[in-house]
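Biologist: I've got the sequence and the model open side by side. Could you pick one part and take me through it closely, strand by strand, and then tell me what holds the surrounding pieces together?

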Amino acid sequence: MLRDGVTGDWIGTFIGHKGAVWQARLSSDASLAATGSADFSAKIWDTHTGECLHTLTHAHIVRAVAFPSQPRPQLVATGGFEKKLRIFDLSRSSANNSASSSPTSVDGNGPPSPTPGIEIGPGVHGGNIKSVIWSTNLNILITAADDKFVRWWDIRSRSVAAMYELEGIPGTCELDSISSNPSLSVAAGKSAYFFSGTQPGQLLKKITTSKDIAAVALHAESRKFVTGGGGDTWVRVYDFDDGSELEVHKGHHGPIWTVSFSPDGKLYATGSEDGTVKLWKFGSDPYGLWR
């Protein structure tokens, strides 16, 4: 489903998956969307027409998808229950799907991928891949897996450039693209890990809280980070420097599995098991419908 980021208004629904959708990502210019599903496929969508451009078939659940930070990207990376990191070249696809209509009535089958994709580091992951992130260095891909490792992959050599062992199974793994000095935020157990966004494997800070953390997002400029957990229904804001809890927000009625800031850093979104996504204003200045 596609919604307006300021008002939350519904724009359209991408129809085609036959199973639960585990993750959805927009390209940096918002022209494409990628989705990973329990129907053993990833799909690439045109966000303007709702057309399914590509269906990338897998042998198991696709848990994570990622685009490089490029306009109209021609590559997408996937990971999931196969424990395989793959890169697909979208420019090598066969003729585009002939279906062309509104996002509410699109046949989401799409043309299948012409190749099985390129696997990076076969046999290395010891658990399901929970997250795939394309670094600001387009030669580096990042994965977080159930084997408790975060890995930085050099796609030129298809090998691990760095790795870090977490103290728990990872939740979310998000790259902060708001600041000029990006960082990678990882949730695991009761801790939030913050890594350099430019230096593979470099841990900047680890903050341990009294609550389980399933999702974390950092706002580097304000020196604050936001968390959601699987053990309660509250959104928490912490001070990055001393780890103190600054704010608690209530509104969800189920565990919170994802947190993410808007590109301008003035909003953050939380996604919950209660079936809702909530938008929260970050800071005291007026923004959109918020005063």
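Modeller: Let's start with an open sheet of three strands, lined up as β23-β24-β25 with antiparallel pairing. The edges belong to β23 (256-261) and β25 (277-281); each has a single partner strand, so one side of each has no neighbour in the sheet. Strands here are DSSP runs (E, at least two residues), just as helices are runs of H or I of at least four, and both are numbered from the N terminus. Two strands count as paired if DSSP finds at least two bridges between them.

Before going on, keep in mind that this is a predicted model: local features need pLDDT of at least 70, side-chain atom pairs count only at pLDDT 80 or more, and totals for chains, interfaces and linings use all residues. Residues are numbered from 1 along each chain as its sequence is written, and side-chain values use heavy atoms, with hydrogens and water left out.

Back to the sheet. On average, its neighbouring strands are turned by 20° against each other, direction ignored; the axes are lines fitted to C-alpha atoms (for helices, over the stretch in contact), and angles run from 0 to 180 degrees between N-to-C directions. β24 spans residues 267-272 and pairs with β25 over five bridges, in the antiparallel sense. If you want a spot to click on, Y268 stands opposite W280 in β25. As background, sheet strands pair through backbone hydrogen bonds, either parallel or antiparallel.

Now move to β12, β13 and β14. β12 (residues 140-145) runs antiparallel to β13, and five bridges join them. I142 faces W152 of β13 across that pairing. The two strands make a hairpin with three residues between them, and K148 in the turn has a positive phi of about 75°. On to the next partner: six bridges link β13 and β14, again in the antiparallel sense. This hairpin has four residues between the strands, and R158 takes a positive phi near 60°.

β13 itself (residues 149-154) has five of its six residues buried, so the rest of the structure largely encloses it. Buried means under 20% relative accessible area, exposed means over 50%, and partly exposed is in between (1.4 Å probe, protein chains only). W152 is worth following here, as its bridge partner in β14 is A162. Those two residues turn up together again as contacts of P200, leaving aside its neighbours within four places in sequence; contact means heavy atoms within 4.5 Å. P200 sits in the loop between β17 (191-196) and β18 (203-208), and is partly exposed at 34% relative accessibility. P200 is also 7.0 Å from A161, C-alpha to C-alpha, although 39 residues separate them in sequence.

β14 (residues 159-165) also holds V160, which is partly exposed at 32% relative accessible area. V160 joins V124 and M163 in a nonpolar surface patch with about 220 Å² of accessible area together. Patch residues have over 30% relative accessible area and no salt bridge; like charges are joined within 9 Å, nonpolar side chains (Val, Leu, Ile, Met, Phe, Trp, Tyr) within 5 Å. The areas come from the Shrake-Rupley method with a 1.4 Å probe, and for residues only the protein chains shown count as cover.

What about charged pairs? The whole structure has eleven salt bridges, each a side-chain nitrogen of Lys or Arg within 4 Å of a carboxyl oxygen of Asp or Glu. One of them joins K206 to E167, with the closest N and O atoms 2.6 Å apart. K206 lies in β18 and E167 in the loop between β14 and β15 (170-176), so the pair ties together parts 39 residues apart in sequence. K206 is partly exposed at 29%, while E167 is exposed at 62%.

Elsewhere, R236 and E245 meet at 3.1 Å, N to O, and D232 is linked with them in a salt-bridge network. R236 is buried at 5%, but E245 is partly exposed at 42%. Then there's E82 with R86, a 2.8 Å salt bridge in which both residues are buried.
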